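Reader: Before I set anything up, I would like to go through this model with you, one question at a time.

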2 protein chains.
Amino acid sequence: MSATTFAGVAAIGEAAGTEEQMLEIGRKAKAAARRLALATPAQKDAALAAMAQAIRARSAAICEANAEDVAEARRQGMTASFVDRLALDPARVEAIAAGLDLVRSLPDPVGEVMSAWDRPNGLRIERVRVPLGVVGVIYESRPNVTADAAALCLKSGNAAILRGGSDSFRSSRAIHQAIAAGLEKAGLPAAAISLVPTRDREAVGLMLQGLGGTIDVIIPRGGKSLVARVQAEARVPVFAHLDGNNHVYVHGAAPLGMARDIVLNAKMRRTSVCGAAETLLVDEACAGTHLKPLVTALIDAGCEVRGDSLTRIVDPRVKPASEEDWSTEFGDAIIAVKVVSGLGDAIAHIERYGSHHTDAIVTTDQVAADRFLAEVDSAIVLHNASTQFADGGEFGFGAEIGIATGRMHARGPVGVEQLTTFKYRVRGAGQTRP
Amino acid sequence: MSATTFAGVAAIGEAAGTEEQMLEIGRKAKAAARRLALATPAQKDAALAAMAQAIRARSAAICEANAEDVAEARRQGMTASFVDRLALDPARVEAIAAGLDLVRSLPDPVGEVMSAWDRPNGLRIERVRVPLGVVGVIYESRPNVTADAAALCLKSGNAAILRGGSDSFRSSRAIHQAIAAGLEKAGLPAAAISLVPTRDREAVGLMLQGLGGTIDVIIPRGGKSLVARVQAEARVPVFAHLDGNNHVYVHGAAPLGMARDIVLNAKMRRTSVCGAAETLLVDEACAGTHLKPLVTALIDAGCEVRGDSLTRIVDPRVKPASEEDWSTEFGDAIIAVKVVSGLGDAIAHIERYGSHHTDAIVTTDQVAADRFLAEVDSAIVLHNASTQFADGGEFGFGAEIGIATGRMHARGPVGVEQLTTFKYRVRGAGQTRP
């Protein structure tokens, strides 16, 4: 691979070691971040438009590069679902370009005055939104992340260092070439969006160390082992969630029809998304009427049910739930079901086994709902709605780069606003402090 | 020392090792944090009032304990300024109690709906302020931090684990006993505010590792070596600033009188605070008229001036500035002075040598001011005001636990609001995701 095929790293000789090469990417990204932070909304939007145009114009080349990745994955005996995540076709490339157009249409968060107030001494203080700086994104086989992450970082005025999976290396490179062309057309530095030009796994470790203080935050996109490694090793802040072990609690005052609709949707709409429900808690106050229909509906919909002793009574097809099942994110058509003795018991179960991602209560009792929403300490808590609404698009953020369960800075869906920080702008007329 | 003298750790036997003891403090703090997060404003305020009352009632005992610390510090030959930071008298104890009253009078941040919106599908989404969880505070010789940090954490619904300096061990313990009495009187768990009951330095290292995932953020209060150690070793987020290398830039269109007032105040009001100016940049456009009076005023006020070649011409008392001086936080009556060729040069100097804490421009040129405020990437940027306004009280936050120069979550003065995070509360009527 020739280094000159990568915009933003053209000056790096092939002889340079991975560490030297990565540190240089970091330095260039940091310099580019300063320019991006001051770029006008029009400049950034022009770049996003040019990027989308370049991706559409290069659709065939992107699909060709992707075909090589797919062929290699098949040679290596990857699973059909893996190959499906990896594969692109003209329709999927068009969806990538449309994603860039969508991000372009979002309001620009940078420069927004979040709050402003006057002090008795006449000082005017404003809290103003500014970009975070340099965002490192580490992802796996989905090549579309290359464009999605680039767009969200650019819109929020951040430089990005993208490290895609080795399986999608050629696809990501082809998409990145279109991105670089778009940046160039808009007069923005190519180093604003860098793609790590090596499959060397050492690059990930270097990014987790922060590339000499140049990376401000790391966002992992991928499976649990990737997220776990990033959370364990990163020396810089991380926006991520390790688990989405989400609960639906059917309270004693839950209408059966609503409960059934929500439970089925929360579990079965898409079983692999992080907002999918993994445990159903049914209050003993309604278990006599609701437990059997809920369990039957799940099994009839193709879901394996693993239940506690009471749940196993209502349907012989229910398998016994193990202790481990309560803390498991199945990511599949499997659900753990338990009868709880009341609201407090439900909340205690969620606190003990949950992952603080997304949890829902179904009830017509407003007092019970309010207590659940207050006491369940998760990024997203819902009353009478499906957990599958845990999504930046569904929240109205336009797009998201992931969902965070940490407590710092970003929590819940991470959209362009969460990719910013703030500074204080103070205007005076010569004030000195007594 | 008997473990039973410490509320919140009474169950820990003396035989327990530091690690076991610290992990137990962490677990209890985490459990207490859940109760605090759900405490009503009235409950928290009652605790703050009872804490202030207990401190006033125990003033003599606190001063006695402090006298032992002071005697030991003197025996160890500590400097007069060190002893002054450590020493308490009835007036200083009253100031500590008044600080608790001040924090009590602040608005309660917890539960505030920061924003709310409706989705087309009828879902109502609210972003609600919630506490961070458990705050670890590591500080040095000032015993008042024990009460100040406890009050800010409690008001914001957080549990706190306080680790004071060994030099103020007895004073902090006496203050903490009053705090524990106040918590008990208000029916809140004593473990809500723990004081690490050992001088063992291992305790700090354990806190920096997060005490088994129980600490959500660490706030160091003290000298540069403490902050540097915390930033280097912490495996949890840190709110801190290592340096306050702040600049005043006197632009070509700066009125001399205003520039002189601001420069003198920014440097000399208090030279040891983190908002003090350390470098004066004078634009060459006004150097002919402004440089000499500014330098003379500083020297006449007792400040040592270290200047570049142009600055040394205007006054023979100016010493030569070394390269190192541009990046030094003197924390004393010393200032580095440089003539810059214009606004861009000033901004470049601040970016290269500054610490992203607080920087000011003096000018009547609004365009120049706006560019400075936009391009200088510091937590606080000021136009025509002294850098010494970098303070939570001056910002109207009532009180602060410190100033952060990091980009994540808290930036600038850290008051009760910055000690909170948020969650999303979603209310529906049975919505499922298509």
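Author: Buried area is the accessible area, taken with a 1.4 Å probe, that two parts lose on being put together, summed over both. Please keep in mind that the model is predicted.

Reader: With that definition, what area is buried between chain A and chain B, and what share of it do carbon and sulfur atoms give?

Author: The contact draws on 74 residues from chain A and 74 residues from chain B. Carbon and sulfur atoms give 50% of the area buried between the two chains, and that area is about 5,800 Å².

Reader: Which three residues of chain A supply more of the area it buries against chain B than any other three?

Author: Together they account for 15% of the area that chain A buries against chain B, more than any other three residues do. They are A:Met408, A:Tyr424 and A:Arg433.

Reader: How many salt bridges are counted between the chains, and which residue of chain B does A:Arg427 pair with in a salt bridge?

Author: The count between chain A and chain B is 6 salt bridges. In the one formed by A:Arg427, the closest N and O atoms are 2.8 Å apart, and the partner is B:Asp370.

Reader: What kind of axis relates chain A to chain B, and which residue of chain A comes closest to it?

Author: Chain A is superposed on chain B by a rotation of 180° with 0.0 Å of shift along the axis, at an RMSD of 0.0 Å. That is the relation of a two-fold axis. The copies meet through the same surface, because 100% of the interface residues of chain A are also interface residues in chain B. The residue of chain A that comes closest to the rotation axis, at 2.1 Å by its C-alpha, is A:His409.

Reader: How far apart do the C-alpha centres of the two domains of chain A lie?

Author: Chain A is divided into domain 1, covering 17-233, and domain 2, covering 246-389. The distance between their C-alpha centres is 36 Å.

Reader: In the open sheet of 4 strands in chain A, which strands stand at the edges?

Author: The order of this sheet is 5-4-3-6, with parallel pairing. Each edge strand has a single partner strand, so one side of each is left without a neighbour in the sheet, and these are strand 5 (193-195) and strand 6 (217-221) of chain A.

Reader: Which residue of strand 4 stands opposite A:Gly136, and which helix packs on the sheet by touching strand 3, strand 4 and strand 5 of chain A?

Author: Strand 3 (residues 134-139) and strand 4 (residues 159-163) of chain A pair in the parallel sense over 5 bridges, and the residue opposite A:Gly136 is A:Ile161. The helix touching those three strands has a direction that makes about 145° with that of strand 4 of chain A, and it is helix 1 (residues 18-37).

Reader: Turning to the open sheet of 10 strands, which strands stand at its edges?

Author: The order is 10(A)-9(A)-11(A)-8(A)-7(A)-12(A)-13(A)-16(B)-2(B)-1(B), with mixed pairing, and strands of both chains appear in it. The edge strands have a single partner strand each, so one side of each is left without a neighbour in the sheet; they are strand 10 (319-320) of chain A and strand 1 (113-118) of chain B.

Reader: At what angle to strand 8 of chain A does helix 13 run?

Author: Helix 13 (residues 343-353) of chain A lies across strand 7, strand 8, strand 11 and strand 12 (358-362) of chain A. Its angle to strand 8 of chain A is about 160°.

Technical notes: Residues numbered from 1 in each chain as written. Chains lettered and ligands numbered in written order. Predicted model: local features only at pLDDT ≥ 70, side-chain atom pairs only at ≥ 80, totals over all residues. Heavy atoms only, no water. Domains from an automatic or database assignment. Least-squares fit on C-alpha atoms with pLDDT ≥ 70 in both. Contact = heavy atoms within 4.5 Å. Pairing = 2+ DSSP bridges. Helix = DSSP H or I, 4+ residues; strand = E, 2+ residues; numbered from the N terminus. Axes fitted to C-alpha atoms, helices over the stretch in contact; angles between N-to-C directions. Salt bridge = Lys/Arg side-chain N within 4 Å of Asp/Glu carboxyl O.
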